[in-house]
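Here is a friendly walk through one part of a structure. Take a moment to look over the model before reading on.

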Amino acid sequence: MGLLDSFFGKTKLPESKTEGIFAVSTAQVTMEANLELVSLKKAGICFKPQASSHFERARQEVEELLELSSKDTNTSYQIVKDDYGYVWILLEDPDFEDLVSNIYLVSEGLVERGFGGQLLCALFPFKSKDKKVIYWVYSFKHGNFYPFAPKPGKERDTALEFRTRSVMEKELPLEGDSARWYPLWDSPL
Amino acid sequence: MFLTMFLLAMVYLAFIAFLLTQGVGTVGIVAFAGFFLFVQYFFSDRLVLWSMGGRVVSESEEPELHGIVDRLSQLADLPKPRIAVVKSSVPNAFATGRSKNNAVVAVTTGIMRQLDRSELEAVLAHELSHVKNRDVLVITIASFLSTVAFFLVRNLLFFGMMGRDRRESGGMVVVWIVSVLVWLVSLLLIRALSRYREFSADRGAAVITGQPAHLASALMKISGAMDRVPKDDLRKVEGMNAFFIVPAVSGDTLMSLFSTHPRVEQRISRLEEMQRRMEF
């Protein structure tokens with residue numbers, strides 16, 4: 001959104017960048033080798049549904065695409081609505097690349113139908129050796145990744161986040177502004 | 001509120017007049033006004049929070065508010081603002097802060113009690129739209145321009161009078177009256193601008209949440225509730241109206257020209273219009 005748009009108060013949802021997501025496929029190998037972070041073989045994509053029949057139709061079409069594609073890749077998936085009114089498509093597949101390609105399919109499907117702005121993020125959970133869960137979050141608005149390591153009591157494991165970030169700097173397009181490392185508490189993943 | 005504003009402006013004018021008699025020039029006075037507005041702009045987050053009694057809350061204190069704002073800021077591509085809560089039974093919300101990086105979004109405990117989660121989300125999206133639209137900056141610039149206009153007119157008149165007529169007391173009264181008129185006009189313009197920004201923020205909330213109906217139902221609930229809240233509480237918050245989601249004085253008691261906010265019915269009908277357009 002341009003400066004003029006904001007001065008005239010014409011809010012638009014920023015468009016989404018979907019291409020960057022593939023970087024996580026190769027980064028996952030490094031993560032396992034250098035950080036001993038293992039993928040939980042799951043991933044999720046989250047979007048904000050819009051109350052309109054156009055959106056409902058787009059969503060149905062994308063779901064049909066996903067049904068076909070997931071049969072192809074042997075990926076299981078389910079669709080849930082979270083407490084904040086966002087829709088999550090949760091995928092499970094032992095093959096990490098299939099997870100990524102199905103998530104790309106959903107995101108690109110929404111973008112092609114004009115609803116790219118509704119995309120919030122994609123989530124890839126990993127587990128460290130001491131059983132801590134850390135998420136790599138793909139931010140569709142910026143087309144880059146940031147880490148999110150929740151601790152009990154709505155605290156973030158900042159040390160772990162910054163450590164993984166410094167190791168992954170060369171592998172992943174990273175969000176440089178940590179004010180945009182939006183947490184995702186209580187995600188269904 | 002109008003009376004308060006009027007009296008405030010009178011005091012302000014008297015102070016300026018005092019400065020003038022002390023031999024401070026126009027440039028000095030505009031600089032002085034600019035300085036005050038700059039301070040107001042630069043410290044808006046702290047000033048507004050302090051005057052409202054708002055307290056910034058952490059994620060563990062208000063997980064629901066944070067959860068909603070985290071997601072909305074990511075959708076709208078804004079850095080996450082601080083979140084504050086005001087202990088007040090008046091259902092309201094406001095946003096302040098000079099820039100996206102200094103923004104604070106605040107809600108009262110009253111609004112949290114009365115709205116359900118989706119309505120609260122719509123209200124927060126409205127406030128985030130104010131942040132996104134840089135409304136604190138826009139209103140500050142407008143106020144500064146109106147101050148400058150005011151002095152230009154005042155001085156032109158003042159010197160005109162001095163040249164033509166030496167009877168100072170009569171001249172001063174005219175200058176004073178015209179000053180007040182200019183001030184009135186600029187007030188009306190700023191109010192009109194403020195109403196336009198409100199509509200924009202409503203529109204923004206509808207776009208961000210994708211659900212115009214949620215904001216409409218929140219507005220309906222709040223404005224309905226406004227009438228039932230004791231007046232004492234209302235008077236306390238009157239000064240902050242420009243930052244509120246629904247002004248604390250109901251639209252019918254004031255001339256709509258002077259109102260910072262459009263009437264709730266008008267806002268709701270625009271939201272319904274948006275909902276209709278989304279279907280085509």
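Which residue follows α4(B), and what is the sign of its phi? That residue is D77(B), with a positive phi near 55°. Keep in mind that this is a predicted model.

The helix that comes before D77(B) is α4(B). α4(B) is built from 14 residues and spans 20 Å between its first and last C-alpha, close to the 20 Å expected at 1.5 Å a residue. It is a mostly covered helix, with 10 of the 14 residues buried. Among the buried residues of α4(B) are L65(B), I68(B), V69(B), L72(B) and L75(B), and R71(B) is buried as well.

α4(B) also takes part in the meeting of the chains. The contact draws 30 residues from chain A and 32 residues from chain B. On the chain B side, α4, α6 and α8 each supply at least two residues, and the largest share, 9 residues, belongs to α4(B). Here is how the residues of that side divide by character:

| Class, side of chain B touching chain A | Count |
|---|---|
| Nonpolar | 10 residues |
| Polar | 11 residues |
| Charged | 11 residues |

Chain B also holds an open sheet of 4 strands in the order β1-β2-β4-β3, with mixed pairing. Because β1 (54-56) and β3 (93-96) of chain B each have a single partner strand, they stand at the edges, and one side of each lacks a neighbour in the sheet. From one strand to the next, the twist averages 25°. β3(B) pairs with β4(B) in the antiparallel sense over 4 bridges; in β4(B), V105(B) is the bridge partner of A95(B).

How values were computed. Residues are numbered from 1 along each chain as its sequence is written. Chains are lettered from A and ligands numbered from 1 in the order in which they are written. This is a predicted model: local features need pLDDT of at least 70, side-chain atom pairs count only at pLDDT 80 or more; totals for chains, interfaces and linings use all residues. Two residues are in contact if their C-beta atoms, placed from the backbone, lie within 7 Å. Ala, Val, Leu, Ile, Met, Phe, Trp, Tyr, Cys and Pro count as nonpolar, Asp, Glu, Lys and Arg as charged, and the others, Gly among them, as polar. The expected span of a helix is 1.5 Å times one less than its number of residues. A residue is buried if 20 or more other C-beta atoms lie within 10 Å of its own, exposed if 12 or fewer, and partly exposed in between; C-beta atoms are placed from the backbone. Two strands pair if DSSP finds at least two bridges between them. Axes are lines fitted to C-alpha atoms, for helices over the stretch in contact, and angles run from 0 to 180 degrees between N-to-C directions.
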